[in-house]
Amino acid sequence: MNKNIPVTSPLLPPLDEFIPYLEEIWESGHLTNGGQMHERLEARLCEYLGVEHISLFANGTLALITALKVADLGGEVITTPYSYVATSHALLWNGLTPVFVDVDPDTFNMNPAVIERAITSKTSAILPVHCYGIPCDVEAIQQIADRHGLKVIYDAAHAFGVRQRDNSVLKSGDLSILSFHATKVFNTFEGGAIVCPDLETKKRIDSFKNFGLLDDVTVSAPGLNAKMNEVQAAMGLLQLNHIDAAIAARREVDDFYRQSLAGLDGVRLLDIPGDVQWNYAYFAVRIDAGKIAGGRQAVFEYMRERNVLVRRYFYPLISSFSMYASCKQDNQQHAQAASDSVLCLPNFPHLTEDERLSVVATFKAAIKQGG
């Protein structure tokens, strides 16, 4: 191959479709601070996602930091070590202490069975992640939270548009946070959002992301400057025009991989629950080191050397980084096993047929060499 094939790549609609949005912004002279594009995107996202209130942010990390702040938490927050570092970094930025618990061996989501034993008098909330967009066991987690008077904040960075039993997973918990980073199913270059349960909560969040301003002369809290600008919002509006086609294209890639890799010895594909309307955000496989010599690392290196930029997603565990060394850590055997075995193959809307064939051929060659 003469070019790199990344794990994911942003959906970039035709430039001639974007120019009218930019012209409208330029003519209005309203570049940020809740302009027309911003307001239109919030309304359209509520309609598309099936939620009542949403607040847009400059990026997903600022959205998560803000959500934790307005939730008025303290002490310890139970979370997963199997995620991107932004999940736990947001806790540290709020002066909260992460408590890491293990994940389910099949879904890689926080295992409700181990949450309760990690709860102490200092616990104020649970911060689960819908890993790869597969919904957590939201009912079990909510029952635990209700029994102990805890709040639940979902890191739903991967879960744009995901529904379970025809209900948006973004309605789960007290708040859900989305990422609109360029690598996500839906993107605004950089961006993010908080799904809010009611208008009053949205007003508090909107104020906090704008320095805590209530009006020109009133500041109610030491807020952030975390607003989404008009160009980002315009990109989001354009993306929404193409999002269903983009998800359908991702599904075609997913179907192709599943057919091509079915029954491959030493490889396990990620199962999608039958009651989930998924967004095909990632194509994750597990490499059995007992059957493939060198395990996941050997396959990773083989494919990288041939310009297929597969990703060890998530590796290493968050709990292994030095800033989390003093945090409480329950047994994490399943999280560690996932971190050591999972490989994400390329999946994005404009992945060509030749590129798909090349990915599969390279992956099979890597498995064969290891086996």
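In the predicted model, F108 is found in the loop between β4 (97-100) and α5 (112-115). Phi of F108 is near 70 degrees, a positive value in a residue other than glycine. Most residues other than glycine have a negative phi, and most peptide bonds are trans. F108 has a relative accessibility of 3%, under the 20% cut-off, and therefore counts as buried.

A positive phi also occurs at D72, where the value is near 60 degrees. D72 belongs to the loop between α3 (60-70) and β3 (76-79). The setting of D72 is exposed, with a relative accessible area of 66%; the cut-off for this class is over 50%. Thus a positive phi is found at buried F108 and at exposed D72.

Two cis peptide bonds were located in the loop between β16 and β17. One joins Y313 and F314, with omega about 25 degrees. F314 lies between β16 (308-309) and β17 (328-329), within the connecting loop. The other runs from Y315 to P316, and its omega is near -10 degrees. P316 is likewise placed in the loop between β16 and β17.

Helix α8 covers residues 230-261, 32 residues in total. At 1.5 Å a residue, this helix should span 46 Å. The C-alpha atoms at its ends are 43 Å apart, which agrees with the expected value. The helix is bent: at H242, α8 turns by about 55 degrees. At the start of α8, N229 is in contact with the backbone. A side-chain oxygen of N229 comes to within 3.0 Å of the backbone nitrogen of V231. At the other end, α8 is followed by G263. The phi of G263 is positive, near 80 degrees.

D254 is also part of helix α8. Its relative accessibility is 2%, so D254 counts as buried. The side chain of D254 makes a polar contact with the side chain of R258, at 2.6 Å. An α-helix has 3.6 residues a turn, so residues three or four places apart point the same way.

Helix packing was examined for α9 (residues 295-305) and α11 (residues 353-370). The two helices pack at an angle of about 135 degrees. Their axes are 9 Å apart. Angles over 145 degrees count as roughly antiparallel, and 65 to 115 degrees as roughly perpendicular. The value for α9 and α11 falls in neither class, and the pair is therefore oblique. The crossing of these helices is right-handed.

I292 sits in the loop between β15 (283-287) and α9. With 3% relative accessibility, I292 counts as buried. I292 and K368 are 76 residues apart in sequence. In space, their C-alpha atoms are 8.1 Å apart. K368 falls within the residue range of α11 (residues 353-370).

A125 provides another long-range pair. This residue lies in strand β5 (residues 123-127). A125 counts as buried, at 1% relative accessibility. Along the chain, A125 and V7 are 118 residues apart. Their C-alpha atoms are separated by 33 Å.

Methods: Residues numbered from 1 in each chain as written. Heavy atoms only, no water. Helix = DSSP H or I, 4+ residues; strand = E, 2+ residues; numbered from the N terminus. Expected span 1.5 Å × (residues − 1). Bend = angle between axes of the 7 residues up to and from the residue. Polar contact = N/O pair within 3.5 Å; in protein donor to acceptor, adjacent residues only side chain to side chain. Buried < 20%, exposed > 50% of the residue type's maximum accessible area, 1.4 Å probe, protein only. Axes fitted to C-alpha atoms, helices over the stretch in contact; angles between N-to-C directions. Parallel < 35°, antiparallel > 145°, perpendicular 65-115°, else oblique. Left-handed = near helix turned anticlockwise from the far one by under 90°.
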